[in-house]
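Let's take a walk through a protein model together, starting with the whole chain and ending with a few odd spots in the backbone. Have a look at it first.

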Amino acid sequence: MTEIAFEDFSPGEVIDGGPITVTRDDLVAFAAEFDPQPFHLDEEAAKATFVGTLIGSGWQTTGFGMLLLQRHAFRGGTSMGSPGVAQLRWLRPVMPGDSLRAVIKVEDCRTSGSKPDRGFVRFGLTVINGRDETVMSQAFTVIFPRRGREPLPPRRVVLDEPVPVVEGEDAEILHFLKDAVVGHARDLGRHVFTQADIIAFARAYDPQAFHIDPEAARHTHFGALCASGWHTTAAWMKRLHITRARDAAFTQARGPVPQLGPSPGFRDLRWLQPVYAGDTIRYTCTLAEARATASRPGWGLATHHNTGHNQRGDKVFEFTGSVFWQWSA
């Protein structure tokens with residue numbers, strides 16, 4: 001397996017990588033699993049939405065960015081994971097047939113003050129399509145082992161058996177953004193991460209050893225196979241849509257249902273604990289801010305804060321996102 005170390009990066013270094021070509025089937029398959037909005041699933045249905053045409057999920061674009069990062073900046077090797085993403089912006093949609101490449105800049109390198117076996121590399125990632133348009137930009141940090149340093153021992157991990165999720169029957173009215181209650185928290189229910197699902201997602205978007213090889217993962221600092229951070233965010237999106245579908249049916253019986261549009265991005269994403277095979281994550285979405293948009297009459301922009309907790313009550317991730325949301329009927 002290719003090894004990559006902290007010492008392989010220098011501030012100011014620029015790494016180019018790609019391309020990968022995206023098919024319609026790729027986009028629709030991901031959306032069907034994690035982000036089943038009309039503008040990700042079907043050309044005809046997309047015409048009646050905010051977007052107007054079939055586009056890829058932004059969460060899948062993060063996966064494409066991770067794949068390009070691993071292939072080129074990591075040289076096919078394995079890091080020590082990432083503590084999170086400071087900011088990510090989806091600037092243009094990914095379309096069927098797009099050819100994507102990455103420009104990866106090393107912004108800063110620093111050694112850990114508390115763990116001498118590792119260092120932190122801060123990157124800026126830009127994903128560009130075949131028309132030289134930026135589709136996504138991202139600022140984030142990755143942890144790498146230091147060459148020649150004795151590694152700290154792996155975590156001692158006790159895996160839990162997956163427990164089937166019983167879908168809730170609760171439902172709430174979906175308000176237009178003008179009438180939505182800032183501060184309201186919606187329980188999105190639970191998602192179980194199985195070994196097979198963790199490996200399948202990682203092979204497609206984040207093929208690092210601790211995501212795809214249970215035996216190799218035992219010898220990393222994680223101590224066991226764990227899910228890609230992008231898998232945990234995609235599962236949040238999946239739970240959001242499952243819950244929203246139940247709420248939409250409840251709302252439709254009583255009046256009009258507001259549409260959601262795309263998201264321009266998010267900030268302050270933190271991966272706080274590994275998500276292991278057998279873990280069950282409960283997700284919550286809280287409306288933090290709501291405002292009308294001058295550029296799109298009838299629409300607003302919602303800011304939401306999101307968390308995930310495992311079966312032991314440990315917070316495993318959080319982030320603050322935004323989404324276009326119909327302002328009024």
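Let's jump in at strand 7, residues 265-271, because one of the odd spots, Asp 268, sits there. Keep in mind that this is a predicted model. Asp 268 has a positive phi of about 55° even though it is not a glycine. Why does that catch the eye? Most residues other than glycine have a negative phi. As for its surroundings, Asp 268 is partly exposed, with a relative accessible area of 41%.

Asp 132 is another aspartate with a positive phi, here about 60°. You'll find Asp 132 in the loop between strand 4 (118-128) and strand 5 (134-145). With a relative accessible area of 58%, Asp 132 counts as exposed, since the cut-off for that word is over 50%.

Now for a peptide bond: the one from Gly 18 to Pro 19 is cis, with omega near 0°. Most peptide bonds are trans. Pro 19 belongs to strand 1, which covers residues 14-21.

Time to zoom out. The protein chain has eight helices and 10 strands, and its C-alpha trace spans about 65 × 45 × 35 Å along the principal axes. Is the chain's radius of gyration what a compact globule would have, or not? For 329 residues you would expect a value near 20 Å, and the chain has 20 Å, so the two agree. Buried residues make up 51% of the chain. Finally, look at the charges: there are 35 positive and 37 negative side chains, and the centres of the two sets lie 4 Å apart.

Technical notes
Residues numbered from 1 in each chain as written. Predicted model: local features only at pLDDT ≥ 70, side-chain atom pairs only at ≥ 80, totals over all residues. Heavy atoms only, no water. Helix = DSSP H or I, 4+ residues; strand = E, 2+ residues; numbered from the N terminus. Rg over C-alpha atoms; globule rule 2.2 N^0.38 Å. Buried < 20%, exposed > 50% of the residue type's maximum accessible area, 1.4 Å probe, protein only. Lys, Arg positive; Asp, Glu negative; His and termini not counted. Charge placed at Lys NZ, Arg CZ, Asp CG, Glu CD.
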